[in-house]
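Trainee: I would like to learn how to read contacts, burial and overall form from a model. Please take one feature at a time.

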Amino acid sequence: MDKIIRELDDLKNSQTSVLKKITQIEADNINLGIDLLTDNLPGIHEEVDDALEKSSALLGQFSEYRNKYEQDNQQSLGEET
């Protein structure tokens, strides 16, 4: 389960990096004013941002699940001794 948490955290970090790159391209395009980028980047930005929110939420939920699982199993082990 810890491996999955690390992978979800890595996913979140990767999506954050992609979002930063999109933002940089949007900023660079302010000076260029290329309609192709102006028209398409906001949609991509929104999709990546939504995915980042979902993966962050999943990371939090799965961390809670893992913690509850760990707590429940430690209690079970304590009852057996």
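Mentor: Start with the term contact, which means heavy atoms within 4.5 Å. Keep in mind that this is a predicted model.

Trainee: Leaving aside neighbours within four places in sequence, which residues is Lys12 in contact with?

Mentor: With that cut-off, Lys12 touches Leu52, Ser55, Ser56 and Leu59, once neighbours within four places in sequence are set aside. Lys12 itself is found in helix α1. A C-alpha separation adds to this picture: Lys12 and Ala51 are 39 residues apart in sequence, yet their C-alpha atoms are 8.8 Å apart in space.

Trainee: What share of the contacts between residues at least 6 apart in sequence joins residues at least 24 apart?

Mentor: In this chain the share is 75%.

Trainee: How far apart are the C-alpha atoms of Ile25 and Leu59?

Mentor: Sequence separation and distance in space have to be read as two separate values. Ile25 and Leu59 are 34 residues apart along the chain, and their C-alpha atoms are separated by 28 Å. Ile25 is found in helix α1, which covers residues 2-32.

Trainee: Now burial. Is Lys12 buried or partly exposed?

Mentor: Buried means under 20% relative accessible area, exposed means over 50%, and partly exposed lies in between. Lys12 has 25% relative accessibility, so it counts as partly exposed. Ile25 is also partly exposed, because its relative accessible area is 39%. Asn29 has a relative accessible area of 4% and is therefore buried. Of the 81 residues of the chain, 16% count as buried.

Trainee: What does the side chain of Asn29 reach?

Mentor: Asn29 has its place in helix α1, and its side chain reaches the backbone nitrogen of Ile34 at 3.0 Å. Beyond its neighbours within four places in sequence, Asn29 is in contact with Ile34, Leu37 and Thr38.

Trainee: How many helices and strands does the chain have, and why is it described as more spread out than a compact globule?

Mentor: The chain has two helices and zero strands. Its radius of gyration is 20 Å, well over the 12 Å that the globule rule gives for 81 residues, so the chain is more spread out than a compact globule. Along the principal axes, the C-alpha atoms fill a box of roughly 70 × 15 × 10 Å.

Trainee: What remains is surface and charge. How many positive and negative side chains are there?

Mentor: The chain carries 8 positive and 18 negative side chains, and the centres of the two sets lie 6 Å apart. Its accessible surface comes to about 6300 Å², with 53% belonging to carbon and sulfur atoms.

Terms used:
Residues are numbered from 1 along each chain as its sequence is written. This is a predicted model: local features need pLDDT of at least 70, side-chain atom pairs count only at pLDDT 80 or more; totals for chains, interfaces and linings use all residues. Side-chain values use heavy atoms; hydrogens and water are left out. Helices (H or I, at least four residues) and strands (E, at least two) are DSSP runs, numbered from the N terminus. The radius of gyration is taken over C-alpha atoms; the globule rule is 2.2 Å times the number of residues to the power 0.38. Buried means under 20% relative accessible area, exposed over 50%, partly exposed in between (1.4 Å probe, protein chains only). Accessible areas come from the Shrake-Rupley method with a 1.4 Å probe; for residues, only the protein chains shown count as cover. Lys and Arg count as positive and Asp and Glu as negative; His and the chain ends are not counted. The place of a charge is taken as NZ of Lys, CZ of Arg, CG of Asp or CD of Glu. A polar contact is a pair of N or O atoms within 3.5 Å; within protein, one must be able to donate a hydrogen and the other to accept it, and residues adjacent in sequence count only if both atoms are side-chain atoms.
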